[in-house]
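Biologist: Hello! I am new to this structure and would like some help reading it. Could you show it to me, and then we can talk it through?

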Amino acid sequence: MRMLTPRKPPRRLTLKAARRSALALVLTLAVGRLVACSSDQPAVTNNGVPGPDASSGGSSGSATAGASGTGTGGSSGSATAGAGGSATAGAGGSSGDASGGSGGSATAGVGGDVAGGAGGGDAGQETIACSSLPGTVVYVESGDTQENLLKNLGRHLRDTADITLAFNLTGSCTLTNDIYTGAKMVPNGTLKFIPSTAEDPNWTPSLAEPTCTTPADGAPIDVAISALFVQSCGLGEPPAGSNLALVQGPIQAYTFIVPTASDQTAIWAEEAYYTFGFGNDNPLAPSYDPWNNDQFMFIRPTTKSTLVATAKNIAVPPNKWKGVPEAASNDVVNAVAMSSMAEQSIGILGAEVYDANRAKNTIRTLAFQAFGEKGAYFPDSTLTAFDKQNVRDGHYTLWSPTVYIAKVDGSNVPTNPAVKLLLDLVGSDDVSTSDGGAPFDGLADVVKVGLIPTCAMQVARTEDGGDLSSFQPASPCTCYYLSKITGATGAPAGCAACAGSADCTSAGTTCSHGYCEPATLTAQGGNDGGAGCFGGTPTTHEQIINACTPAQAIDKTVVLPNGDGGLEPLP
């Protein structure tokens, strides 16, 4: 495993909030670029989920079963079971109905109605075979940090392009191994899917998804979505002859969280190293560091992107972490929020999951200070902002790209047109849906759920936890991005709307994503007296993370066990 070499931080800083002068750096991580991968984390392949006792039949028609029999309706049909029997109606509107007889059970398809019979019949169970879902079904295996994006995009795709997303949520390393080996998802189990507005007008992305059933051998994987570089899972490039490609998608930030009752506001990379690498034996405690109790440190399993990506940024290998593994991101949220020991509690989370839980006011993110950085920063410019400024310009280093894995042709174009549309929508391409459907803005869904389009990024990296470099996107969308974030009220300050390049009269600007964006972004320079910030145009990792910025900085005193002599070896 490649271990990060910690850079020497200042030994002491005092608590304060600083405002520093502006920096603008830009990169593009264009969708379609192939990502080379290799490295260290073993993958777990067991991904089975027990499924319900359900089935469905042909494309249309109806069926009635007698006593102890089974009735199965088609995709627009209905089914009625007699005493002791069961009935399953296929996909359809209100016509996809099922009723169970005495002692029987009933299962309706998409949009169908269910009536339970007398004597204990099952009512209200709405399932359908995944293969019978309407339209073109795209089977997705994804990390759970991407669930909100799949919900929002899935609704739009179902409404406008006759594409249904059916997906399984699992660890990034598990799903990468699954698609690399040609494994199928969840044999004889269930997948989540997104219905259309016509099928279920009351469903919104804030609700749980309906489910469909998979066959005995499982469902194929059309696209897998990892939330970190594939090399971090130790799998390298796709197997020869697989025709799989790795396509870089939106940026996923990660964060440390504490209960709102905690007094903690920031964490150094060194603190995180000693906290999660030593646990109960944290050498920084008890003099000031409260995180020295394994039972109040809430983490994710070693196949999950949240842990693996964070591990790469704090130099603690995934298999060395101390703490309580939680199966899902929301389990971490609940464990931290409900902890009886607020000051000792800490967890790790995807920033977009944190954003979705901010309004509850039960958890709070910590500012993070990377190795070699001179101050700690939130993912956003302030604790309460949603602009992800510090992720985009390099002051907040806890992030990874999402990586979409799918089959492509000789020109690296996805062979499945529906998968190509999905990748285009989450990239920086301006696309419209087909089949006569109304066009929709896929990038808006990306921003809405707290992810960062690559066209709004100003820095790049080639591996999780690796050094940052400046980069210029081909079609920058910083103004567009800021117009779509939570709390935005139209065109951001300094951004002019445009319909074409003729509308952009300022020197060096061009019309991109509806706004006049600078064709080349450079640092604005200046040093307002911040704690040694770099005032020029940064060209190295050290200059990028220490560049002057107007963002809020949290300076915290940390006395390391070895002073400036490096980190103590992990136990």
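**Reading the model together**

Modeller: Let us start with one residue: Ala315 is buried, as its relative accessible area is 5%. Please keep in mind that this is a predicted model. Ala315 sits in the loop between α4 and β17 (324-325).

Biologist: What is the phi of Ala315 near?

Modeller: First, the general idea: most residues other than glycine have a negative phi. Here, the phi of Ala315 is near 65°, which is positive although the residue is not glycine. Asn361 is another such case, with a positive phi of about 60°.

Biologist: Is Asn361 buried or exposed?

Modeller: Asn361 is exposed, and its relative accessible area is 56%. You will find Asn361 in the loop between α6 (351-357) and β19 (363-365).

Biologist: Let me step back to the whole chain. How many helices and strands does the protein chain have?

Modeller: There are 11 helices and 26 strands in the protein chain. Of its 571 residues, 56% are buried. The chain exposes about 20800 Å², with carbon and sulfur atoms supplying 50% of that area. As for contacts with a separation of 6 or more, 68% are between residues 24 or more positions apart.

Biologist: Now the interior, please. How many residues does the largest nonpolar core have?

Modeller: The general idea is that in soluble globular proteins, nonpolar side chains tend to be buried together. In this chain, the largest nonpolar core has 50 residues, and Phe256, Phe276, Trp321, Ile346 and Phe368 have the most contacts inside it. Several elements supply at least two residues each to this core, including β14 (244-259), α3 (269-278), β18 (346-350) and α9 (442-448). The greatest contribution to this core is from α3, with six residues.

Biologist: Which residues does Phe276 touch, leaving out those up to four places away in sequence?

Modeller: Leaving those out, its partners include Phe256, Met297, Ile314, Trp321 and Ile348. Apart from this core lies another, of 28 residues, and Leu157, Val419, Leu422 and Val449 are among them.

Biologist: How can I see that residues separated in sequence come together in space?

Modeller: Try Ser142, in strand β9 (residues 136-142). Ser142 and Ile225 are 83 residues apart in sequence, yet their C-alpha atoms are 4.6 Å apart. Ser142 also touches Leu150, Asn168 and Thr170, among others.

Biologist: Why does Ser142 count as buried?

Modeller: Ser142 counts as buried because its relative accessibility is 0%, and buried means under 20%.

Biologist: Last topic: charged pairs. How many salt bridges does the structure hold?

Modeller: In general, side chains of opposite charge can pair when their charged atoms come close. This structure holds 11 salt bridges. One of them joins Arg300 and Asp144, with the closest N and O atoms 3.4 Å apart. Arg300 lies in the loop between β16 and α4, and Asp144 in the loop between β9 and α1 (147-161), so the pair ties together parts 156 residues apart in sequence. Both of these residues, Arg300 and Asp144, are buried.

Biologist: Which residue's side chain meets that of Glu199 in a salt bridge?

Modeller: That is Arg158, at 2.8 Å from N to O. The pair links distant parts of the chain, with Arg158 in helix α1 and Glu199 in the loop between β11 (190-193) and β12 (211-213), 41 residues apart. Arg158 also forms a salt bridge with Asp162, where the closest N and O atoms are 2.9 Å apart. Arg158 is buried at 10% relative accessibility, whereas Asp162 is partly exposed at 38%.

Biologist: And which residues are linked in a network of salt bridges?

Modeller: Such a network links Asp355, Arg358, Asp380 and Lys388.

How values were computed. Residues are numbered from 1 along each chain as its sequence is written. This is a predicted model: local features need pLDDT of at least 70, side-chain atom pairs count only at pLDDT 80 or more; totals for chains, interfaces and linings use all residues. Side-chain values use heavy atoms; hydrogens and water are left out. Helices (H or I, at least four residues) and strands (E, at least two) are DSSP runs, numbered from the N terminus. Buried means under 20% relative accessible area, exposed over 50%, partly exposed in between (1.4 Å probe, protein chains only). Contact means heavy atoms within 4.5 Å. Accessible areas come from the Shrake-Rupley method with a 1.4 Å probe; for residues, only the protein chains shown count as cover. A nonpolar core is a set of buried Ala, Val, Leu, Ile, Met, Phe, Trp, Tyr and Cys residues joined through side-chain atoms within 4.5 Å. A salt bridge is a side-chain nitrogen of Lys or Arg within 4 Å of a carboxyl oxygen of Asp or Glu.
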